[in-house]
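Me: Please take a close look at one part of this model, the place where two domains of a chain meet, and then set it beside what can be said of a neighbouring chain.

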Amino acid sequence: MNDFLATLINGISLGSMYALIALGYTMVYGIAKMLNFAHGDIIMVGGITTFTVMQYTNMPPWVAVLAAVAVCTVLGVVIEKVAYKPLRGVSSLTVLITAIGVSYLLQNVALLTFGTENKSYSFSFLTALNWQINEHLIIQGSTIVNVVIMLVIMVALLLFVHFTKQGKAMRAVSEDNGAAQLMGINVNATISLTFAIGSALAGIAGFMYIGTYSQIGAYAGTMPGIKAFTAAVFGGIGSIPGAMIGGIALGIIEQFSKSILAQFQLSALADAIVFVILILVLLIKPTGLLGRQIKEKV
Amino acid sequence: MALLDVQNLSIRFGGLQAVDQFHIAVEQGQLYGLIGPNGAGKTTVFNMLTGVYKPTTGTILLDGADITGKNNVQISKMGIARTFQNIRLFSEMSVLDNVKVGLHNQVKCGLFTNILRLPGDYKTEKQMNEKAMQLLEVFGLQDDVKLRARNLPYGKQRKLEIARALATNPRLLLLDEPAAGMNPNETAELMQTIRLIRERFEMTILLIEHDMRLVSGICERLTVLNFGSVLCEGETSAVLRDPEVVKAYLGE
Amino acid sequence: MALAAKWKNMRASTRKKLLMLGGMLVVFAILQLLLSLDLLSNQIQSWLVPCCYNIILAVSLNLTVGILGELSLGHAGFMCVGAFVGAFVSKYFDTVNPDLSAWIRLPLALVLGGIVAGLFGLIVGVPVLRLNGDYLAIVTLAFGEIIWNLFNVTRVSLDNGSFRVGVGGTGLSNLSADAVPLVDGSLGITSVPRLGKGGFAIAFVLAFLTVLLVMNLIHSRTGRAIKAIRDNRIAAESIGINITKYKLIALVVSAFLAGIAGVLYAHNAGQAVATQADYGYVMSINILVFVVLGGMGSTLGSMIAAVVLTILPEWLRFLSDYRMLIYAVVLIGMMLVNGSPAIKAVVDRGRQAVKQKIKNLFIRQPKKEA
């Protein structure tokens, strides 16, 4: 029972991080209709920024997080302006490859500046937050922080998207960007804003990554990025609650399959299980859990 | 017996009864018009006739054979071809290739014959080229064969779509608003083309159209659809004078 | 004269195909000549086979992405199947019958590798028939990841003439002392007989055949049906094209060829080890980059991009740490120049201006009469 709970809690913790990353994918996809393949690497940049601030200055953790958010936001907006904006309206595949190029670029800049080795860091305040439920079950501080951050951000985003002028502009652009433009909405500014928000969330996810794994390196963003993308598709790409549900579901599935597979010395297959489940979900419900089916009119 | 005989055809989308108890009988060689206000369900009828939608109830007989509920590929093979309201060409392919795809089921030649370029490949290619050129000449497209379909002017795109439909060697041709977006000159030319198709290929044609000059000019018989059901049917001139039809189009 | 007339009467696609294949032969002849004169450095020699299998990968993926119009991020998965099946066949025969001629062993490995990869293509085809767009992309990515992960835990041993198959763990239990491990989990298949001296010729023949067959396919009745589905599925159905059948044909042929490339890959490396770098989505994306950069749907473009992008990172090796950085910048730059209407306009204007200047050098301007 305790094992089950521990696995479940780990899954929720990991899933919260995936959810936050998936939000970035889902929002950018909803608005700009592009898969921002470089999103995972922005998490890595956020993590490295957090690490650098914590390691080389005496600042408190929240400053490090703010720094990561600031760096990632600026980076996200710059990438959008330089690499994606000139390609608006061009085939989505061209944009996808460009995003892959950006991903390689970020990784290689990180390799050159940060080095090829992963570096370890653990936040002391997270350990202090550990919560002993009973003698076998501890809820890690990082779990509490991950879940709280994810919930706060989810609520804030939903409020933002539904009740502010910019949020409504975002929804309008995602429905029909041509019509939105005709209604006087600044589509370019809205897309930039979306990238800014998505990247800021990636910055926070970078902090969560270090909190969860206690290390960071140039390739750190790749697997979480792919999995969060999977989570976004799982939940129905374009849907904010979908990203949360998809992220958490994926985190839980991953943890359970890992613990089950470990008994057969097959832990290496945990990632494969995640993908098998994704395929099954999409075969049963081709637009993900909360995605909308758009039928082509004849 | 009518070539196309439809009885009690209905379809429901959720709570919406899009088409209700539709019926029509198109005789061999007839040029038949299906008219009605926007949203009356005309294209939905076409979609049921061609197997894009499965009707909720009703029967569709093509030359006595029941084709109700068959899919669009089967129906194409049984001899119904169509064009679309918003032109659907294979836009990246050449004009010639568009028609050659239309000839797909008229020749037999499989994957291995194709990739190994066995003699059968050359033979069928030759056949297809000749047939396609004949068709394109009918529509005055013989000088545009190498152009990509999307680079054709609008009027020619319409013609190409009809040529492609005819390439499937149909017994019944469905045209969905062939004159949409055309100016009066182009429409007049289109009327000539449609008459020509009927004579040249002895084709039975059922068309949806809003342009009354085209409808009154070439259709022999009309069915009027309003709010998903048949309002009236009969000889073109009689139908167009029917006060109910005038009311449906112009309001009270 | 008769030949010239024949040339004129050919389909345009046939002429293009013959020119391309002729070009390939010329390049091959030159390289073979240089090889026989021993004028190629070891480094350049080591690029030859990779260029060939990358051509096969690019041309076959182009069939799915450019011709069928479905985005696949899992092409390396099929390559992985081919690599393992092919390496397994070779290793098996090398173990039980070392005297068997490579002329029998290698073709058998190629054919089996291709066929099994094609079967996997059929399996992947099932979701492809139901999904499209980005959802399909992620499913193909998932398939690719599943495939290499499965090979990564597979173990097969040859124990007294019978196969013992297992997954995971540290090894198979109760094996006799003289059991030979053929596939060893994450260590993969090692000491696969290599291609050897004639490797480039073999790889070239396969690349040449791939280009020939794929070009034949694209410009045929079958190919037109596939392109019709890409351009307008609903219209294709309306003229009686069986969508399921032609989608599957494209996918299976594409997977079959990727499998062949995989067999080459394993025999060139002398091993088949299931890793992310070799067979994961990163490799799939690399192949996709060949196709997109070469211009989707263009076989020639895929081929050239495959060769350039195989050589470029290697050639940049002297830049050591900076090479992948430069590769990334070049990639982004190429996509922007190719894709962006604004940047394209500037480049075109520049090109026009240069052309005009060159022209002015040679053509004397008519003097204005006073």
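Reply:
**Where the two domains meet**

In this predicted model, seven residues of domain 1 of chain C are in contact with nine residues of domain 2 of chain C. On the side of domain 1 of chain C that touches domain 2 of chain C, helix H12 (residues 281-293) of chain C gives the most, contributing four residues. That side of domain 1, sorted by class, holds five nonpolar and two polar residues, with no charged residues. As for the bounds, domain 1 of chain C covers 65-297 and domain 2 of chain C covers 301-360, and their C-alpha centres lie 30 Å apart.

Turning to chain B, its fold comprises 10 helices and 10 strands. Its radius of gyration is 19 Å, close to the 18 Å that the globule rule gives for 252 residues, so chain B is as compact as a globular protein of that length. Taken along the principal axes, the C-alpha atoms of chain B fill a box of roughly 65 × 40 × 35 Å, and 44% of the 252 residues of chain B count as buried. Of the contacts in chain B with a separation of 6 or more, 65% are between residues 24 or more positions apart.

On confidence, chain B averages a pLDDT of 93, and 99% of the residues score at least 70. Among the elements of chain B, the highest mean pLDDT, 97, belongs to helix H3 (residues 95-102) of chain B, while helix H10 (residues 243-250) of chain B has the lowest, at 82.

Notes. Residues are numbered from 1 along each chain as its sequence is written. Chains are lettered from A and ligands numbered from 1 in the order in which they are written. This is a predicted model: local features need pLDDT of at least 70, side-chain atom pairs count only at pLDDT 80 or more; totals for chains, interfaces and linings use all residues. Helices (H or I, at least four residues) and strands (E, at least two) are DSSP runs, numbered from the N terminus. The radius of gyration is taken over C-alpha atoms; the globule rule is 2.2 Å times the number of residues to the power 0.38. A residue is buried if 20 or more other C-beta atoms lie within 10 Å of its own, exposed if 12 or fewer, and partly exposed in between; C-beta atoms are placed from the backbone. Two residues are in contact if their C-beta atoms, placed from the backbone, lie within 7 Å. pLDDT is the predictor's confidence in each residue, from 0 to 100. Domain bounds come from an automatic or database domain assignment. Ala, Val, Leu, Ile, Met, Phe, Trp, Tyr, Cys and Pro count as nonpolar, Asp, Glu, Lys and Arg as charged, and the others, Gly among them, as polar.
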